[in-house]
Amino acid sequence: MNEVKALIRKSKYLTAFTGAGVSTLSGIRDFRGKNGLYNEKDADRIFDLGYFLQDPSFYYSRTRDFIYNIYEKEPSAVHRMLAGLETDGLLKAVITQNIDLLHHRAGSKIVIEVHGSPLMHHCLDCGHGISYEEAARIVQSGKIPVCEKCGGIIKPDITFFGEALPASAINKAFEMAAKSDLMLVLGSSLTVQPAASIPLETVKSGGRIIIVNDMPTPFDEYAEMLFPDLEEFCELLK
C-alpha cells in the first residue's frame, strides 16, 4: 500500500474506473457477482430495450427497490475516498459503469457515466424530460411514468441493451484513459464491452492500472498490482 500511495502522489494524471462492486458496499446489488441481479429469473429483460418498449412496467417494477430508492442508500467508503482524492487535487475524474448516482452524492464533481444515468428520463415519442426525483415519486407510488405531453413511454437515460452507449461519455472516457499515467480500477468485472476496454487504453498509452476486485478479471495480467478487497484497500489507503 505504501507503493500505491507513492504512485498516486507521483501521478500527473490519475483517474478511476468503477463498477458495481463499489456500490455493493452501499447495499446496492451488483449484476454479475455470485448474488448478482442477473442470477434472477428473467433479469436479462430488465434492461432490454425491445422488452421495455413492449412492457415498460416490467422495468419499473423490477427496479423500484434498486434504482428508484437510491436516496435511501449512502455513498460507500470507496465513493468518499474518490471524492476526497478529487478534492485534494489528485484525481482528474471518475469513469463509472454505475447508474446509481452515488459518486455525485459523495461529492465527486467530474463523473463520466459510460452507461448513461437515471438523472433524467425522456419521452421516446416527443422528447419531454422529467427528473429522477419526479420519476422516483411516480415509481414509488406503484405507477409508471407516462409523458404528460403526449402520453408516450418515458425511459430513463440509462443505456439499455440494444442501444448505443452515449457517444460523448464514451469518447471522453477513452480520451481521459489515454492521458492517464495511473488508473485505479475498482469493483469491475471488466467483462461488459466496450466500457471494459477503457482501462486497457491506459495500458496501451503507457500508463499503469491497479485493479481491486473480489474476482479475477480478463485484464489482471496488465495490472501493476492486484487487490481483492475494496473496503480494505480504501482503509489502508487513508
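User: Why is L101 called buried in this predicted model?

Analyst: The model is predicted. L101 has a relative accessible area of 5%, and buried means under 20%; therefore L101 counts as buried.

User: Where is L101 found, and what is notable about the phi of this residue?

Analyst: L101 is found in the loop between β2 (91-96) and α6 (102-106). Phi of L101 is near 65°, which is a positive value in a residue other than glycine.

User: What makes L190 count as buried, and where does L190 lie?

Analyst: The relative accessibility of L190 is 1%. The cut-off for buried is under 20%, so L190 counts as buried. L190 lies in the loop between β7 and α9. L190 is not a glycine, although its phi is positive at about 55°.

User: Which peptide bond in the loop between β7 and α9 is cis, and how do you know?

Analyst: The bond that joins Q193 and P194 is a cis peptide bond, with omega at about 5°. P194 has its place in the loop between β7 (182-186) and α9 (198-204).

User: Why is R64 called partly exposed, whereas S76 is called buried?

Analyst: R64 has 32% relative accessibility. Partly exposed lies between the limits of under 20% for buried and over 50% for exposed, so R64 counts as partly exposed. S76 has a relative accessible area of 3%; that value is under 20%, so S76 is buried. R64 has its place in the loop between α4 and α5, and S76 lies in the loop between α4 (56-63) and α5.

User: Which residues do S76 and R64 touch, not counting residues up to four places away in sequence?

Analyst: With that exclusion, S76 touches V22, L25 and S26. R64 touches N69, V139, Q140 and G142 under the exclusion of residues up to four places away in sequence. The C-alpha atoms of R64 and A136 are separated by 7.9 Å, and these two residues are 72 residues apart along the chain.

User: How is the packing of helix α5 and helix α10 described?

Analyst: Two packed helices are described by the angle between their axes and by the distance between those axes. For helix α5 (residues 77-87) and helix α10 (residues 230-237), the axes come within 9 Å and cross at roughly 35°. The crossing in which α5 passes α10 is left-handed. A77, V78 and M81 of α5 make the contact with L230, C234 and L237 of α10.

User: What makes the residues in the contact of α5 with α10 nonpolar, polar or charged by class?

Analyst: Ala, Val, Leu, Met and Cys are among the residues that count as nonpolar. By class, the contact of α5 with α10 has six nonpolar, no polar and no charged residues.

User: How do you know whether the radius of gyration of the protein chain agrees with that of a compact globule?

Analyst: A compact globule with 238 residues would have a radius of gyration near 18 Å; the protein chain has 18 Å, so the value agrees. The C-alpha atoms fill a box of roughly 55 × 30 × 30 Å, taken along the principal axes.

User: What else describes the protein chain, in helices, strands, burial, contacts and exposed area?

Analyst: The protein chain has ten helices and nine strands. Of its 238 residues, 50% count as buried. Among contacts between residues at least 6 apart in sequence, 65% join residues at least 24 apart. The protein chain exposes about 11300 Å², and carbon and sulfur atoms supply 49% of that area.

Conventions: Residues numbered from 1 in each chain as written. Predicted model: local features only at pLDDT ≥ 70, side-chain atom pairs only at ≥ 80, totals over all residues. Heavy atoms only, no water. Axes fitted to C-alpha atoms, helices over the stretch in contact; angles between N-to-C directions. Helix = DSSP H or I, 4+ residues; strand = E, 2+ residues; numbered from the N terminus. Left-handed = near helix turned anticlockwise from the far one by under 90°. Contact = heavy atoms within 4.5 Å. Rg over C-alpha atoms; globule rule 2.2 N^0.38 Å. Buried < 20%, exposed > 50% of the residue type's maximum accessible area, 1.4 Å probe, protein only. Areas by Shrake-Rupley, 256 points an atom, 1.4 Å probe, with all protein chains shown as cover.
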